[in-house]
Amino acid sequence: MIKQAAVLGHPVGHSKSPVLHRTAYQLLGAPLNYEAIDLVPEQCAEHVARLRSGDWAGSSVTMPLKDAFVPLMDEVSARVRQLGALNTIVVREDGTLFGENTDIDGLVQALADFSMTAADQALILGSGNTSLAALQACAELGVEHVTLVVRSVQRSRRAVDLAKELGLHPVVHEISGITRELSDQLRLMPLVFSTLPPHAGDEWVPAIGSGNGILLDVAYDPWPSKLAASWQGQVISGLHMLVHQAVEQVRLFAGAAWDEERRVDVTNAMYDSLGLARHQ
């Protein structure tokens with residue numbers, strides 16, 4: 001029996017998830033169809049009903065739906081409970097729905113490819129849903145001190161609360177208040193996550209750009225971003241994160257067809273499908 005899976009979001013036509021997932025399922029011989037479905041938050045309950053009644057393996061979830069699906073799940077992982085956001089819905093054998101967030105895996109594994117497996121401090125640009133995944137990744141990397149640069153301190157409360165819950169020591173600065181002295185300090189950070197949407201960080205370059213640590217910029221279209229183009233250190237595009245979070249989704253969706261011994265083959269094939277070289 002062929003099962004269904006899809007990436008959900010709005011807009012979603014540009015998504016590279018179908019290419020990644022189809023490549024993996026073909027390699028594994030998994031009987032899965034994978035498509036892109038444009039969905040707005042008001043349609044989430046309707047899609048959940050579809051998942052419960054059809055031959056579905058699961059769904060990948062992107063913006064602006066990562067929060068909206070959480071209360072509709074039968075069970076969620078500890079990560080999702082902490083973040084309040086998911087990017088993966090798994091349809092279990094008994095028809096119940098499980099919410100997971102593989103964005104953290106995507107971030108951690110992308111950094112591991114570039115030999116970044118631990119850091120004591122990090123800088124995160126932005127305070128939206130992706131910044132929450134970055135905070136979780138920081139905790140897994142052993143980061144103790146995290147600096148958040150945001151547009152509004154008031155709107156960053158959720159990120160600050162999560163940082164404290166994870167045992168991190170957060171400091172928050174509004175981008176409008178970055179002094180030259182602080183800018184010079186931030187450029188020395190060994191690890192920087194930009195969780196800003198495309199173009200949102202363009203005007204931040206004078207204050208943040210030209211750092212010499214590792215920059216993982218979750219944006220990848222257009223690429224390079226102005227921030228990435230200005231960076232003096234190692235730059236990792238969001239495509240690396242995208243591949244690794246998708247590998248975890250494939251593991252969850254493929255069921256018996258998944259073979260852990262072929263993880264590297266699957267990962268490399270997904271990289272090849274994007275014409276992207278894997279740094280190892």
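This report describes the largest nonpolar core of a predicted model and the strand β10 that contributes to it.

The largest nonpolar core holds 35 residues, and those that touch the most other members are L107, L111, L135, L191 and F193. Two or more residues of this core come from each of the helices α4 (103–113), α5 (129–140) and α6 (157–165) and from each of the strands β7 (121–125), β8 (145–150), β10 (191–194) and β11 (214–217), with α5 giving the most, namely six residues. Apart from this core lies another one of 26 residues, including V7, V90, F253 and Y271.

In a regular strand the side chains alternate between the two faces of the sheet. For β10, both faces are covered, since L191 and F193 on one side are buried and V192 and S194 on the other side are buried as well. When neighbours within four places in sequence are left aside, the contacts of L191 are L111, M116, A119, Q121, A122, L123, L141 and I214.

The pairing of β10 with two strands is set out below.

| Strand paired with β10 | Sense | Bridges | Residues facing each other |
|---|---|---|---|
| β7 | parallel | three | I124 and F193 |
| β11 | parallel | four | L215 and V192 |

F193 thus appears in two settings, as one of the residues that touch the most other members of the largest core and as the bridge partner of I124. V192, on the other side of β10 from F193 and likewise buried, stands opposite L215 in β11.

Key. Residues numbered from 1 in each chain as written. Predicted model: local features only at pLDDT ≥ 70, side-chain atom pairs only at ≥ 80, totals over all residues. Heavy atoms only, no water. Core = buried A, V, L, I, M, F, W, Y, C linked by side-chain atoms within 4.5 Å. Buried < 20%, exposed > 50% of the residue type's maximum accessible area, 1.4 Å probe, protein only. Contact = heavy atoms within 4.5 Å. Pairing = 2+ DSSP bridges.
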